[in-house]
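Hi,

Here's the structure I said I'd pass on. Have a look at it first, and then read my notes below.

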Amino acid sequence: MNPETTVQPERTMSPALSKSPASMEWVRRLGGPLLTSIVLFAALVLGGLLYASGGGGARDSLVTQMLINAIIVVGMQIYIGNTGVLSFGHVGFGAIAGYTFAIFAISVERKSVTVSDAPFGLSEIQWSPLAAIVAAVVVTLAIGLVVGLGLSRTAAQSGAIAATVITLAVLFMAREVAVNWDELTGGDRAGLSFGIGDTLESRWPIYVALFASLLLARLYGTSRSGRLAAATREDNLAARAVGHNPATHQTLALVLSIVVVAVGASLRVYELGSITPKFFFFEFTLLTLTMLIVGGRNSLTGAVLGVVVITVGNEVTRYLAGPSVDSFEFVFRPGLSKLFLGLSMLLFMIVRPGGLLPDWELDSWLFSRWRRRHETKPVEAATDEDTSLGSEVLKAESITVRFGGFQALDDATLDPQPDEVTGIIGPNGAGKTTLLNVLTGVVPSTSGRFSLGSNDLSSKQTHAIAREGVVRTFQNLRLFGSLTVRENVAVAALHRSDSGDSGSQPSVEELLVAAGIWDDRDRRASELDYGTARRLELARAAATRPAFLLLDEPTSGMNEAESLAMTAQVRDLARLVGAGVVVIDHDLGFITGVCDRIYCLAQGTVVAVGTADEIQADPIVREVYLGSVADDGPGEPRDS
Ligand code: ADP
Ligand code: MG
């Protein structure tokens with residue numbers, strides 16, 4: 001939308017956020033992640049040192065490995081946690097990094113014995129460990145980006161099979177290459193190994209890498225991209241409908257995640273002093289994924305907790321399976337620790353799929369406590385009855401949609417005016433939702449075109465259309481479930497900056513007040529009742545500051561009083577952000593109360609247009625709509 005032509009509604013700036021100084025924002029952005037990283041780092045390292053101090057070399061190396069595993073799991077959390085795409089491939093990336101590191105870092109003398117024929121003259125070079133880690137990161141990233149391209153082409157979604165299969169293929173291919181490319185990798189049995197005394201001597205590189213990984217992960221998690229990735233994880237379509245392009249954020253998450261995993265894998269090889277294909281295959285995948293899932297993949301703190309819990313559990317089972325326990329004999333003894341991993345994964349998937357800490361982070365917890373104490377409710381923004389809503393015409397011309405042989409829309413033409421609230425009514429199956437789907441790029445039209453102002457949107461994707469200013473709500477509620485009410489709105493508001501708009505805009509808090517959900521602001525969206533959830537969806541759509549708000553049955557599931565309140569809220573919010581409104585509803589009281597002009601659809605065709613009075617008096621409308629039973633959306637449970 002064009003900011004110059006948008007008529008800005010007059011309103012009083014509320015003190016709520018302007019009171020929070022820029023320095024506070026800075027502290028939160030950087031200080032929060034820093035604090036969390038320091039605490040997590042200290043807990044891991046001090047706990048490890050304490051444990052190691054009570055025993056010999058075995059405990060020492062257990063702690064070292066735990067710290068290295070923590071780096072790798074944190075790396076996995078950046079991608080898996082933020083995007084929700086379950087990747088089996090990260091250990092495959094670890095294999096690529098591990099081998100690259102080994103080939104570059106192992107001495108020429110060692111290589112002349114094991115891989116004297118290495119291609120590209122690799123047996124002739126020897127880099128410092130640090131340079132070899134950089135090489136490992138670069139090589140792994142190059143391969144990871146190709147995989148990432150594939151992932152974004154399949155439109156990787158939270159829980160998507162395609163993405164998981166692609167990453168699984170990475171794991172298998174990495175292993176096959178490692179097993180079969182003997183000249184480079186030393187094959188299945190020998191592998192590559194460092195000379196005696198050439199391996200990692202001090203834990204300092206691990207400390208540095210661990211702290212950097214924790215900080216990077218938390219900075220990403222709280223960043224704009226990280227929050228957008230999380231919104232996409234919660235609901236891909238809803239995220240696109242408020243203007244997010246999932247591929248962008250997922251690719252960034254993948255890149256950062258691969259960097260961290262590559263560093264961790266290099267350190268693992270450096271510490272162990274050797275690498276063979278099985279070092280980075282199923283067993284290690286099982287170990288690291290179990291840590292991530294048991295701890296809580298959506299949270300960095302959860303991931304770290306998982307590393308500790310599973311390391312301890314693994315040690316206990318290893319002890320039980322070992323020779324020191326001989327009082328009883330049991331069948332599973334040899335594979336006890338793997339059994340433990342499998343069972344923990346299974347148990348958590350069934351009983352507590354979010355893990356021990358589904359989404360708790362120290363900094364956000366502290367910040368939300370601080371904010372609760374200090375924030376004041378913004379005064380309700382006073383919108384003038386005369387302020388116009390939007391400023392650009394939305395035009396849909398001759399939209400036809402066929403699903404196979406079925407014609408859902410037949411030459412439908414609409415031109416909702418920017419300064420009006422336009423209603424669409426029609427019996428169940430008339431094609432109302434399909435029309436909204438077309439206008440937001442969710443369903444392609446068979447023919448016809450639509451535009452906003454002079455901007456043709458017909459061939460644009462959902463997120464692009466949203467950024468141009470056409471934003472919708474859904475008949476079947478689609479919220480970002482595990483985010484709070486405030487986060488739902490805030491994450492949608494992030495896209496305003498993309499359009500270059502920087503004029504006065506209602507703050508997230510003002511939108512919450514205008515939508516009547518201020519008191520619910522810190523509740524999780526998945527916990528809301530229908531009415532509140534509907535109001536949140538409205539506020540979230542408004543937060544993108546659209547030119548047009550398209551609302552699909554905003555009162556569905558609401559009681560009468562709520563419907564009535566919604567009438568005012570729709571207009572208030574539209575004025576607040578300066579948007580025209582198209583609203584579908586079957587609640588005639590609501591529609592006639594809120595709409596300036598109403599279209600009646602029947603069997604995909606516009607059969608009548610007019611004011612509320614004209615529509616109610618129209619004989620055709622009476623026949624096709626008023627005479628019929630109330631509309632029920634597809635698969636939509638309804639309690640009113
Ligand atoms: P309304 O919102 O007016 O109740 P819809 O637009 O949801 O109606 O549906 C119009 C018709 O198109 C219905 O008969 C529905 O079954 C059909 N339809 C909607 N979406 C699809 C789809 N993706 N594939 C096939 N048929 C569809
Ligand atoms: Mg519908």
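**A helix across the sheet**

Let's start with helix 21 (residues 530–543), which lies across strand 8 and strand 9 (548–552) and runs at about 160° to strand 9. Before going further, do bear in mind that this is a predicted model.

Strands 8 and 9 belong to an open sheet of six strands, in the order 8-9-10-5-11-12, with mixed pairing. Its edges are strand 8 and strand 12 (605–610), each of which pairs on one side only. From one strand to the next, the twist averages 20°.

At the strand 12 end, strand 11 (residues 597–602) runs antiparallel to strand 12, and five bridges join the two. If you want a residue to click on there, try cysteine 600: its bridge partner in strand 12 is alanine 608. Cysteine 600 is buried, as its relative accessible area is 0%. Cysteine 595 also counts as buried, at 8% relative accessibility. As for disulfides, with sulfur atoms within 2.5 Å as the cut-off, the count is zero.

**The magnesium ion**

Which residues coordinate the magnesium ion (ligand 2)? They are Thr433, through OG1, and Gln475, through OE1, at 2.0 to 2.2 Å. Threonine 433 sits in helix 17 (residues 432–439), while glutamine 475 is in the loop between strand 8 (470–472) and helix 19 (485–493), so the pair ties together parts that are 42 residues apart in sequence.

Are these two buried or exposed? Threonine 433 is partly exposed, because its relative accessibility is 24% and buried means under 20%. Glutamine 475, with a relative accessible area of 4%, is buried.

**Two nonpolar cores**

In soluble globular proteins, nonpolar side chains tend to be buried together. Here the largest nonpolar core has 91 residues, and Leu67, Phe101, Leu210 and Phe280 are the ones with the most contacts inside it. Helix 3 (residues 57–83) gives this core its largest share, 13 residues.

Phenylalanine 101 is a good one to zoom in on. Leaving aside neighbours within four places in sequence, phenylalanine 101 is in contact with Pro129, Ala132, Ile133, Ala136, Phe194, Ser266, Val269 and Tyr270.

Apart from that core lies another one, of 61 residues; Ala533, Ala579, Phe590 and Val594 are among them.

Cheers

Methods: Residues numbered from 1 in each chain as written. Chains lettered and ligands numbered in written order. Predicted model: local features only at pLDDT ≥ 70, side-chain atom pairs only at ≥ 80, totals over all residues. Heavy atoms only, no water. Donors = N, O, S within 2.8 Å, 3.2 Å for Na, K, Ca; no water. Helix = DSSP H or I, 4+ residues; strand = E, 2+ residues; numbered from the N terminus. Buried < 20%, exposed > 50% of the residue type's maximum accessible area, 1.4 Å probe, protein only. Pairing = 2+ DSSP bridges. Axes fitted to C-alpha atoms, helices over the stretch in contact; angles between N-to-C directions. Contact = heavy atoms within 4.5 Å. Core = buried A, V, L, I, M, F, W, Y, C linked by side-chain atoms within 4.5 Å.
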